[in-house]
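Me: Please zoom in on one part of this model, the central subject being a single strand and its setting. What pairs with what, what packs around it, and what else stands out?

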Amino acid sequence: MSTASLSEPRSRWWQGRAVRRFARHRLALIGVVMITALTLACVAGPWLLPYDSLYIDLRARFAPPMTGQHYLGTDPLGRDIAARLLMAGRTSLLVGVCAMVLSTLLGAFVGVVAGYRGGWVGASLMRMVDAFLAFPSIFLVLALAALLKPSPTMITVIIAVTSWMEVARIVEAEVRSLREREFVQAGRMLGLSRSHIMFREILPNAMGPIIVAATLTVARAILLEAYVSFLGYGIQPPLPSWGNMLNGAQQYLASAPWLAIVPGITITMAVTSFNFIGDGLRDALDVRSGPG
Amino acid sequence: MSDSGAHPLQTADPAAPQPVLSMRDLTVSLPDGMERAHAVKGISFDLLPGQILCIIGESGSGKSVTAHAVMGLLPPSIKVTQGAIQMGGTDILAAGAETLRDLRGRKIAMIFQDPLSALNPLMTVGAQIAEVMMAHGVGTPDSRRARALELLDEVGLPDPPLMYRQYPFRLSGGQRQRVMIAMALALETSILIADEPTTALDVTTQAQILKLIRDIQARKGMSVMFITHDFGVVAEIADSVVVMEKGHIVEQGSADAVLRTPSHPYTKRLIAAVPHLTGTDRAHPVAAPAKAEPLLRVEGLVKTYRSGSKLFGTERVVKAVDGVSFDLWPGRTLGVVGESGSGKSSLGRLLVKLMDSDSGSILFEGSDIAALKEDRFRALRPKIQMIFQDPFASLNPRSTIGHILTVGPVAHGVPYAKARASAQDLLTMVGLDAGAFGRYPHEFSGGQRQRVGIARALMFEPKLLVADEAVSALDVSIQAQILELLDKIQRDTGVGMIFITHDLRVASQICDEIAVMQRGKIVESGPPSQIFLNPQSAYTRELVAAIPGEQPGS
């Protein structure tokens, strides 16, 4: 009788096939570099810049970029745009990431339960998902934001509530196919409880698509926050966010275009970077596309 | 590895016919990072006209790569680095894409293991046969149609005009394979490559397809290169045999010589591992304990599948299990044998209650578990365990072997340390290293994984073990080892076993009693000696007769 020969060393996760494929995806790597740089700048930048984001210097109003130490210029109140941009980045990125975490948790939960239970439980959960998808989410966000007190936490929750459906659908489809696999049957044979099978046995196998969806959700959440804040229902000044910086800029589009260009470019950068990462992850985690 | 056992057939003899296909010193490289550098290395053989050449080997032996190299169908990452394949006057390896395309279909045709995925689901089978001729610019639409009808008749399909208009999904597996053969014959090819064409088929269908291939080969004088892993099939149809192991030819020669007097140890081992039909009953060291009560008594078990809608009158009712009754005594094995669709797997699922039965009773140690709700039955689950068919799908790829083994007992309140200790003991018992505990399933081969699956089922010290096609996905040499292991476990623990299989030869190895199922019913049951030597029902006789390469009782 043969004995398992396991002399070769165990492979580490960073030597895995998915990581190798991700590292070969150039756009995704650019995305990772840009997001890392942006995050570091937002975390550490405000301490390094000479001006505070709330410091008002009326003599230096509407200074164009590269005037003195105002590297990105100043706004109508003479506040340093670089400082405000980075402080705004903290808010916007945090709202984006928190909204992603909340919506992914909610979506994954609904998806796993609907996919595993099937029957009327699954059907009614998925019809609920359809109902949420049927609302134009932007109006839902605006209506909720108009009714509730628009604090960053509230905005995060509102965005999460309107963007969990995609994750739920992806997870439901994945779990439905995993449910028929023999290892799930084996779990039932061992007498494991339903929740154990759903969350401990099946869910880890659906992580690939969840991670991809989550990355794309961050991009969406950042965009949504900017949109709502731009319309004046989101993060309220003086707390800066990329969206309300754009809002403040619209009156001066002709005279001081940098007020809009700077946050605009930053939003574009952040959103495209997250989308690149999402695409890279999809290609890396999807076993069906291309050679290893 | 030396090629000492390999003697390419001598073609120097002037009287010997020219080979239609000759392979010389072929080496095919695999991309970096695979388990070995070459898919096949330095293989040479000849395919003589009008001959059936079987290439036999276990999974990973390179037999399929060889076939694909002949067709010029290797994926771009796998390259032929050395050697030549001569066909008539052309060197296939040097030929351009156009020449190759013309050769395929006109000179060489191939049939595949899975005829459903090899046929286009959106085209009628008639159109697909005609398409082969159209692609090579042969005939007019009318003549192609006439020829297709002729071919459908030739491969033994009933009512060709009707069959011509059918879509592949309407046909059975055997009928689809016949269509594939008809496509291969469309242009009167001289070489047919058959890549495991009967592996996915039931044993009676397999016998028919083998007969068809042999008949057509004899009638048309074709040469057939037949790839298989089953020595039974080789014994049925081969004129000459090439035995491959890990990319090398270890032995080749005429079928008689290789099967009767194998010279290479690997061939000997493979032939010895082939399960044979034993007409003898299983010996037990002690006579059956005279227990008043069987471990399991199943009475009138019924499971009906319904699909479609009653409301719209499209309801289809299939009786998967139709009034099945049997007894199982502790320490004994009942084999449940049948072809696909016979309801044997449904029966297994009903017994471990992965599925609820519609009526009937399952008396386990005297109490009826058929009607128990899942919550109540959970406490009994440890006593009834199952071994699954597919060792790749039945282990959670994200869990360590340790987790897979201990999760069940821990969920039933066994302290982790105790579960861990017994898991390590069991790993040793099923022939694995105790160090396997912390590793993931993908680090193991199919046979090793199946051992893990067996260890998982034994964690609870069950009273009843249901093995659903537990060795079907394994190579023959591994199969023999797993059967031996199951036998040893039963002798050591006295567990009662239900062994579900489509393979009568395997069933004859391990079962005390065999129940033959057909369309949800048990048509015959009895000890192996009765089933194989003196079958009572017509269906059992048909099954036994269809086993490739066997004379019952020999």
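Reply: **The sheet of chain B and its surroundings**

B:Ile191 stands opposite B:Ser223 in S8(B). Strands and helices here are DSSP runs, numbered from the N terminus: E over at least two residues for strands, H or I over at least four for helices. The model is predicted; local features need pLDDT of at least 70, side-chain atom pairs count only at pLDDT 80 or more, and totals for chains, interfaces and linings use all residues. Residues are numbered from 1 along each chain as its sequence is written, while chains are lettered from A and ligands numbered from 1 in the order in which they are written.

Start with the pairing. S7(B), residues 191–195, and S8(B), residues 223–228, run parallel over five bridges. Two strands pair if DSSP finds at least two bridges between them. S3(B) also pairs with S8(B), in the parallel sense and over five bridges. Here B:Ile56 has B:Thr228 as its bridge partner in S8(B). Strands of a sheet pair through backbone hydrogen bonds, either parallel or antiparallel.

How many strands form the open sheet? Six, in the order S6-S7-S8-S3-S9-S10 of chain B, with mixed pairing. S6(B) (108–111) and S10(B) (248–254) are the edge strands, each paired on one side only. Neighbouring strands are turned against each other by 15° on average, direction ignored.

Is S8(B) mostly covered or mostly open? It is mostly covered, with six of its six residues buried. Buried means 20 or more other C-beta atoms within 10 Å of the residue's own; 12 or fewer is exposed, and in between is partly exposed, with C-beta atoms placed from the backbone. Both faces are covered. B:Ser223, B:Met225 and B:Ile227 are buried on one side. B:Val224, B:Phe226 and B:Thr228 are buried on the other.

Next, a helix across the sheet. H1(B), residues 63–71, lies across S3(B) (52–56), S6(B), S7(B), S8(B) and S9(B) (240–245). H1(B) runs at about 145° to S7(B). Axes are lines fitted to C-alpha atoms, for helices over the stretch in contact, and angles run from 0 to 180 degrees between N-to-C directions.

Then a helix pair. H7(B) (residues 173–185) and H8(B) (residues 203–220) have axes that come within 10 Å and cross at roughly 15°. That makes H7(B) roughly parallel to H8(B); the label covers angles under 35 degrees, whereas over 145 is roughly antiparallel, 65 to 115 roughly perpendicular and the rest oblique. The crossing of H7(B) past H8(B) is right-handed, meaning that the near helix is turned clockwise from the far one by less than a right angle, with anticlockwise being left-handed. H7(B) contributes B:Gly173, B:Gly174, B:Gln177, B:Arg178, B:Ile181 and B:Leu185. H8(B) answers with B:Thr205, B:Gln208, B:Ile209, B:Leu212 and B:Ile216. Residues are in contact if their C-beta atoms, placed from the backbone, lie within 7 Å. This contact divides into five nonpolar, five polar and one charged residue. Nonpolar covers Ala, Val, Leu, Ile, Met, Phe, Trp, Tyr, Cys and Pro; charged covers Asp, Glu, Lys and Arg; the others, Gly among them, are polar.

Two backbone angles deserve a look. Most residues other than glycine have a negative phi, and most peptide bonds are trans. B:Lys246 has a positive phi of about 45° although it is not a glycine. B:Lys246 is found in the loop between S9(B) and S10(B). B:Lys246 is partly exposed, with 18 other C-beta atoms within 10 Å. B:Glu461, not a glycine either, has a positive phi of about 50°. Its loop lies between H16(B) (446–458) and S17(B) (464–468). B:Glu461 is exposed, with 12 other C-beta atoms within 10 Å.

Finally, the partner chain. Chain A has 12 helices and zero strands. Of its 292 residues, 43% count as buried. The contact between the chains takes 21 residues from chain A and 31 residues from chain B. H8(A) (182–189) and H9(A) (194–202) each supply at least two residues of the chain A side. H8(A) gives the most, with six residues. By class, that side has 10 nonpolar, seven polar and four charged residues.

Notes:
Two residues are in contact if their C-beta atoms, placed from the backbone, lie within 7 Å.
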